[in-house]
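Q: I am new to this structure and would like to learn how to read it step by step. Could you guide me through it, please?

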Amino acid sequence: MSQMNSGKTRESAEAILDGKPRKWGISRLLPFLGPAFIASVAYVDPGNFATNIQGGAQFGYMLLWVIVAANLMAMLIQLLSAKLGIATGRNLAELCRDRFPRPLVLFMWVVMEIVAMATDLAEFLGAAVGFNLLFGIPLFPAGILTAVATFLILGLERFGFRSIEAVISVLVGIVAASYVIEIFLARPEWGSVAYNAFVPRFSGSESVLLATGILGATVMPHAIFLHSALTQGRIVVHEDSKLRRLFRFELADVIIAMTVAGLVNIGMLIMAASTFFREGMTGVGTLEEAHRTLEPLLGSAASWVFAISLLAAGLSSSSVGTMSGQVIMQGFIQKRISPWIRRLVTMGPSLIVIGIGLDPTRTLVISQVFLSFGLPFAIIPLVMFTRRRDIMGVLVNHRITTILIELVAVLIVVLNFYLLYRILLGG
Amino acid sequence: MFHHLLVPLDGSRLAESAIPAAAHIAERFHAEVTLLHVIERNAPAAVHGDRHLTEPAEADEYLERLKNTAFPEGVAATCHVHEVEVDNVARSIVAHSGEFQPDLIVLCTHGKEGVRELLFGSIAQKVLALGDVPILLIHPRDDESPIDFRCRRILLPLDGDPEHEQSVSAAREMAQACGAELDLIMIVPTVGSLPAEWAASGRLLPGVTGELLDIAQVNADGYLRNIVEKLKDGGISVEYEVLRGDPADGIVETASQNRSDLIVLGTHRKAGMDAFWSGSIAHRVTSRASVPLLLVPVKARG
């Protein structure tokens with residue numbers, strides 16, 4: 001029967017079947033670098049575009065530390081979330097339903113649905129602006145076009161057309177790579193970059209708002225639930241050694257993806273700073289003008305490359321967003337609605353926002369602020385569960401991990417309250 | 001297991017492609033055969049290039065002729081013409097199957113799947129969705145010449161889903177009655193060929209997904225070995241293999257490489273757009289393989 005095997009269908013089975021643990025070196029990681037780069041692209045969505053560009057345009061390099069801190073936080077949070085899924089075979093929402101009183105579960109579900117809507121809004125707006133920039137059609141028809149495109153992609157993906165996803169990833173990847181390259185082309189003042197990357201400071205409540213937006217755009221509460229559900233129920237793994245091995249793969253996946261995403265975000269902010277802030281044109285950090293940030297590298301192609309990537313970022317995240325919504329609903333209240341209906345419902349607010357003429361960039365930033373407020377509802381349960389050996393088994397947190405994640409949760413809550421305080425006091 | 005076969009016909013030579021298979025199986029299982037002619041209301045005058053038989057008397061004569069010529073001695077065959085014209089042929093076949101209680105329906109596909117089949121489901125798929133009787137699907141030759149049916153090598157793809165194991169007993173019966181060899185396969189996806197439900201995991205956690213699939217491959221090996229042991233105890237000649245890649249592609253390729261005479265697939269009975277959206281393996285194999293396909297409807301447990 002050996003003639004049944006064709007070379008291309010046999011993959012790294014030898015590593016498993018001969019039972020010898022392979023060396024944990026670069027050569028082991030190499031096959032995963034490619035896919036992990038593609039994964040990083042999923043974390044760059046229109047919310048990031050808007051917050052990075054506004055942040056750089058209005059405050060120069062000052063908010064770099066927010067990107068660095070948010071990315072590190074996101075790494076830790078996603079690690080724990082995926083670890084939870086691998087260790088328990090249940091996702092975060094289901095565990096909450098198992099262990100929290102029902103009124104609290106319902107409340108959490110409502111909060112996360114609002115968060116999901118804010119996320120969908122951001123992605124929808126981003127794609128619509130992308131269409132608008134690319135084809136010059138007004139925003140509302142662009143919105144309708146976005147709706148059609150979203151459904152098309154949803155349908156094609158279900159039937160197994162992976163190629164659409166790959167194309168979209170490549171499109172976003174091109175812009176992501178461009179921003180990273182530009183960091184070096186633009187020759188920013190490295191001293192200033194380094195300083196601002198690690199020294200936290202604010203300058204007025206607008207900076208606090210943008211910082212909160214960057215945080216929400218980077219950490220993404222719905223993604224926390226999604227990560228715990230990704231590996232659910234596919235293959236049940238009980239052996240400790242295999243669990244530890246899976247965790248090491250997970251470390252590689254998350255760290256590589258978030259590092260790349262972090263570099264892209266840093267690149268965007270630095271470019272927005274050097275394009276807009278230096279010239280003193282602090283008012284033009286909008287998505288419509290943002291293509292100028294790519295001109296140093298791409299010249300006149302910048303405008304349509306930016307538009308395509310914004311469009312692609314909006315469309316690519318929509319399937320991830322839909323899946324997150326399903327995981328959240330199924331986990332918290334054990335109900336499902338078809339992804340079509342979910343898409344339809346969340347498109348309503350998006351089209352309304354476009355219809356009443358709110359500025360897309362600003363709306364995007366505010367939507368990301370909403371995400372930040374939703375974060376504690378995901379992080380606090382995550383901490384509670386991952387610190388317990390009876391839940392996590394061999395993958396329970398080290399003490400340091402628990403301390404770190406608790407610190408993260410506190411910082412996020414403090415930042416959110418601080419923002420509220422500044423807003424209410426009109427500072 | 002197969003004691004009574006139902007063979008729906010519409011008077012065309014295309015549909016008659018199903019008869020050699022029905023005759024062979026009926027002989028091996030000592031089964032009786034019912035030939036059924038269902039007249040479609042507003043049928044096109046020529047179905048698949050042959051004249052459509054609209055008069056019951058014509059149809060009767062046609063079936064009787066087939067009964068006497070196409071079946072070997074010793075096979076008990078009866079004819080039945082449904083005299084009233086029907087709108088929905090699939091539903092009528094299912095209704096008759098309720099009446100005659102066959103264990104197997106032998107049906108011919110309409111060749112290449114078109115958009116219409118995709119949207120509305122071919123008759124074969126609709127029958128499968130509506131009823132709960134296994135269906136043997138024969139793909140006709142392009143020139144509609146008769147096909148000899150033999151059953152010496154059977155391919156049985158499994159996917160680890162316990163419900164799909166209901167196809168194992170059908171395959172075993174076939175193998176025993178026809179003296180065939182059984183090839184068990186299980187196809188574990190690769191990161192590059194992920195089905196829809198793995199897509200997000202493959203995208204956001206590619207390393208973990210790859211590792212999980214490798215673990216699945218090892219598990220699959222143990223799973224198949226278990227089933228093979230039980231089959232060998234029953235005296236069946238059986239081998240197994242775990243492959244990596246796209247499941248539907250793998251099934252079609254393996255059938256071709258092994259020169260399988262029959263593929264046995266458990267299916268959850270979705271037709272038309274439902275099958276499209278769920279990316280059903282059975283649907284994709286049906287539309288691409290030219291090997292006879294035994295579709296065994298599985299009952300959902302729990």
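A: What follows is a short dialogue on reading a predicted model.

Q: How many helices and strands are there in chain A?

A: It helps to begin with the secondary structure, and in chain A the count is 18 helices and zero strands.

Q: Which share of the residues of chain A counts as buried, and how is the exposed surface made up?

A: Of the 427 residues of chain A, 57% are buried. The area that chain A exposes is about 17400 Å², and carbon and sulfur atoms supply 68% of it.

Q: What do the contacts in chain A say about separation along the sequence?

A: Taking the contacts in chain A with a separation of 6 or more, 84% of them are between residues 24 or more positions apart.

Q: How many residues of helix α11 of chain A are buried?

A: Helix α11 of chain A spans residues 221–230 and is mostly covered, since ten of its ten residues are buried. Among them are A:P221, A:H222, A:F225 and A:L230.

Q: Where is A:S178, and which residues does A:S178 touch?

A: A:S178 belongs to helix α8 of chain A, which covers residues 162–185. Its relative accessible area is 4%, which is under the 20% limit, and therefore A:S178 counts as buried. Leaving aside residues up to four places away in sequence, A:S178 touches A:L294, A:L297 and A:L298.

Q: Which residues form the nonpolar patch on the surface?

A: The patch is formed by A:F417, A:L420, A:Y421, A:L424 and A:L425, which together have about 580 Å² of accessible area. One of these residues, A:L420, lies in helix α18 of chain A, residues 399–424. A:L420 counts as partly exposed because its relative accessibility is 35%, a value in between the limits of 20% and 50%. As general background, an α-helix has 3.6 residues a turn, so residues three or four places apart point the same way.

Q: How many disulfides does the structure hold, and why is B:C151 not bonded to B:C178?

A: Over all chains, the structure holds zero disulfides. B:C108 is in no disulfide, and the nearest cysteine sulfur, that of B:C151, is 18 Å away. For B:C151 itself, the closest cysteine sulfur is in B:C178 at 4.1 Å, which is too far for a bond because a disulfide needs the sulfur atoms within 2.5 Å.

Q: Are B:C108 and B:C151 buried or exposed?

A: B:C108 is buried, with a relative accessibility of 11%, and B:C151 is buried as well, with a relative accessible area of 2%.

How values were computed. Residues numbered from 1 in each chain as written. Chains lettered and ligands numbered in written order. Predicted model: local features only at pLDDT ≥ 70, side-chain atom pairs only at ≥ 80, totals over all residues. Heavy atoms only, no water. Helix = DSSP H or I, 4+ residues; strand = E, 2+ residues; numbered from the N terminus. Buried < 20%, exposed > 50% of the residue type's maximum accessible area, 1.4 Å probe, protein only. Contact = heavy atoms within 4.5 Å. Areas by Shrake-Rupley, 256 points an atom, 1.4 Å probe, with all protein chains shown as cover. Patch = residues over 30% accessible without salt bridge, like charges linked within 9 Å, V, L, I, M, F, W, Y side chains within 5 Å. Salt bridge = Lys/Arg side-chain N within 4 Å of Asp/Glu carboxyl O.
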